[in-house]
Every structure is written in C-alpha cells, then in structure tokens.
Amino acid sequence: SSGINAEWPLRPGDIAVLNLEIPDSKEAATDISKQAKSEITHLFKQPEKRPPQAISMVFTGCVLLPAVILLVVWAKLGANISNMTFSLSAIGFHGGLLSIIGIYIN
C-alpha cells in the first residue's frame, strides 16, 4: 500500500508513517519519468470594463480643480513666488514635500 498509513492509537511523538512504493528495476523508474504529463490549463480573471472616456475626463478635471483654484487664489492674493530659486536643494525640498503629500493622498 502507498500513502500515509496511520494506525490508531498513535504513540506520543508519532505523526504518521509513510510507505513509499519504489519500482524494483531501474527501467521501470525511467519509464514512469518519461510518460507524458497532462496539460495544465489556467483560468484568468476577465479584465474589468473601463468607464467611458468622458467620465474619466470629468473625474480628472474634478481632481485637478482644487489645484487650479489654489493657483488662482494665490495669484489674486499676490503670492510672491518670484524670489524662489530653482537650485537643486530647492527642487529637492519641494519634491520631498510633494512626495509626502502623495503618500497621504494614496
């Protein structure tokens, strides 16, 4: 017999006894290993439908609208951004702030 052979009651420390069937000859073992295996078929999930492009554009506009409003309000208030330097450290600083904001948004 092959497979797991568990007798009851098991002794403490025993989990199972495994009996393996080993072919008597080397030829029998190679014959088993050369047999064709069954084909593996996979089922993939169908991709979700995308919304119409008009809905996507409206959503993108709604997401970007607060940033546009912010820039308009800053322009009306006279925000002074003319003294901002475009050095490597300034770009790194503002890039870091944007990445932190991006983390909070996600």
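## Exercises on a predicted chain

From the N terminus on, the chain's elements follow the order β-β-α-α-α. The model is a predicted one.

**Exercise 1.** Work out how many helices and how many strands the chain has.

*Solution.* Start with the order of elements, β-β-α-α-α. Counting along it gives three helices and two strands.

**Exercise 2.** Describe how the chain's surface is made up and what share of its residues is buried.

*Solution.* Begin with the accessible surface, which comes to about 10,900 Å². Carbon and sulfur atoms account for 65% of that surface. Next, turn to burial: of the 106 residues, 1% count as buried.

**Exercise 3.** Find the residues that line the largest pocket and sort them by class.

*Solution.* The largest pocket has a volume of about 160 Å³. Its lining consists of Ala67, Leu70, Leu71, Trp74, Ala75, Ala79 and Ile81. Sorted by class, the lining has seven nonpolar residues, with no polar and no charged ones.

**Exercise 4.** Place Leu70 in the chain, then decide whether Leu70 is buried, partly exposed or exposed.

*Solution.* First, locate Leu70: it is in helix H2, which spans residues 53–77. Now take its relative accessibility, 40%. Buried means under 20% and exposed means over 50%, so Leu70 counts as partly exposed. Finally, look at the surface: Leu70 helps make a nonpolar patch of about 850 Å², together with residues including Leu65, Val68 and Leu77. Leu70 also lines the largest pocket.

Definitions and conventions. Residues numbered from 1 in each chain as written. Predicted model: local features only at pLDDT ≥ 70, side-chain atom pairs only at ≥ 80, totals over all residues. Heavy atoms only, no water. 1 Å grid on protein atoms, 1.4 Å probe; cavity = no way out; pocket = protein on both sides within 12 Å on 5 of 7 lines; lining within 4 Å. Points joined across faces, edges and corners; volume = space filled by probe spheres on them. Nonpolar A, V, L, I, M, F, W, Y, C, P; charged D, E, K, R; others polar. Patch = residues over 30% accessible without salt bridge, like charges linked within 9 Å, V, L, I, M, F, W, Y side chains within 5 Å. Areas by Shrake-Rupley, 256 points an atom, 1.4 Å probe, with all protein chains shown as cover. Salt bridge = Lys/Arg side-chain N within 4 Å of Asp/Glu carboxyl O. Helix = DSSP H or I, 4+ residues; strand = E, 2+ residues; numbered from the N terminus. Buried < 20%, exposed > 50% of the residue type's maximum accessible area, 1.4 Å probe, protein only.
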